[in-house]
Amino acid sequence: MIVKSLENLIGTEDETSGENWSSRRFILKKDGVGFSMNDTIIKAGTENYFWYKNHIEAVYCIEGEGTIEKVETGDMYDIQAGTMYLLDEHDKHILRAKTQMRMVCVFNPPLVGTETHNEEGYYPLLTE
């Protein structure tokens, strides 16, 4: 059994940040369960281009509101607490946060914990 609390992750090597976001990584590849899970904060008023070329990501919004745009089609979706989206086609997308958003993010394959978005918006596939 694995039990972790958010207060014990903040400020440790299991918290990674970018200019517009902060990700607290609860479950990582080293945990050996086949997926990873993050608690992520997206800053209010930001526009964020992401593309998970190497990962499938499911996201559940637990706080805040914004929109997500699928870049290839221009389709827009409202996101608010209680909304889930799944990037099952490695979708290039733009997440716009109207307010601060808090998201629970699940990745497959699992993250190792040190990933940050590269210049093309995706996490490299790391093994260690």
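Begin by selecting Met84, which has its place in strand 8, and keep in mind while you look around that the model on your screen is a predicted one.

With Met84 still highlighted, add Tyr60, Ile62 and Leu86 to the selection, and you will have the four residues that together make a nonpolar surface patch of about 360 Å². If you colour the strands, you can see where this patch comes from, since strand 5 (56-63) and strand 8 each supply at least two of its residues.

Next, stay with strand 8 and turn to the largest pocket, which has a volume of about 190 Å³. Which residues should you select to find its centre? Of the 13 residues that line the pocket, Ile68, Tyr77, Tyr85, Leu86 and Leu87 lie nearest to that point, and Leu86 is a residue you have already met in the nonpolar patch. Now show strand 6 (65-70), strand 7 (76-80) and strand 8 (84-87), each of which gives at least two residues to the lining, while the largest share, 4 residues, is supplied by strand 8. Colouring the lining by residue type should give you 7 nonpolar, 2 polar and 4 charged residues.

For the last stop, move to Lys29, which sits in the loop between strand 2 (21-27) and strand 3 (36-42). Is Lys29 buried, partly exposed or exposed? Its relative accessibility is 38%, and because buried means under 20% and exposed means over 50%, Lys29 counts as partly exposed. Finally, select Phe107 as well and draw a line between the two C-alpha atoms: Lys29 and Phe107 are 78 residues apart in sequence, and the C-alpha to C-alpha distance in space is 9.9 Å.

Technical notes. Residues numbered from 1 in each chain as written. Predicted model: local features only at pLDDT ≥ 70, side-chain atom pairs only at ≥ 80, totals over all residues. Heavy atoms only, no water. Buried < 20%, exposed > 50% of the residue type's maximum accessible area, 1.4 Å probe, protein only. 1 Å grid on protein atoms, 1.4 Å probe; cavity = no way out; pocket = protein on both sides within 12 Å on 5 of 7 lines; lining within 4 Å. Points joined across faces, edges and corners; volume = space filled by probe spheres on them. Nonpolar A, V, L, I, M, F, W, Y, C, P; charged D, E, K, R; others polar. Patch = residues over 30% accessible without salt bridge, like charges linked within 9 Å, V, L, I, M, F, W, Y side chains within 5 Å. Areas by Shrake-Rupley, 256 points an atom, 1.4 Å probe, with all protein chains shown as cover. Salt bridge = Lys/Arg side-chain N within 4 Å of Asp/Glu carboxyl O.
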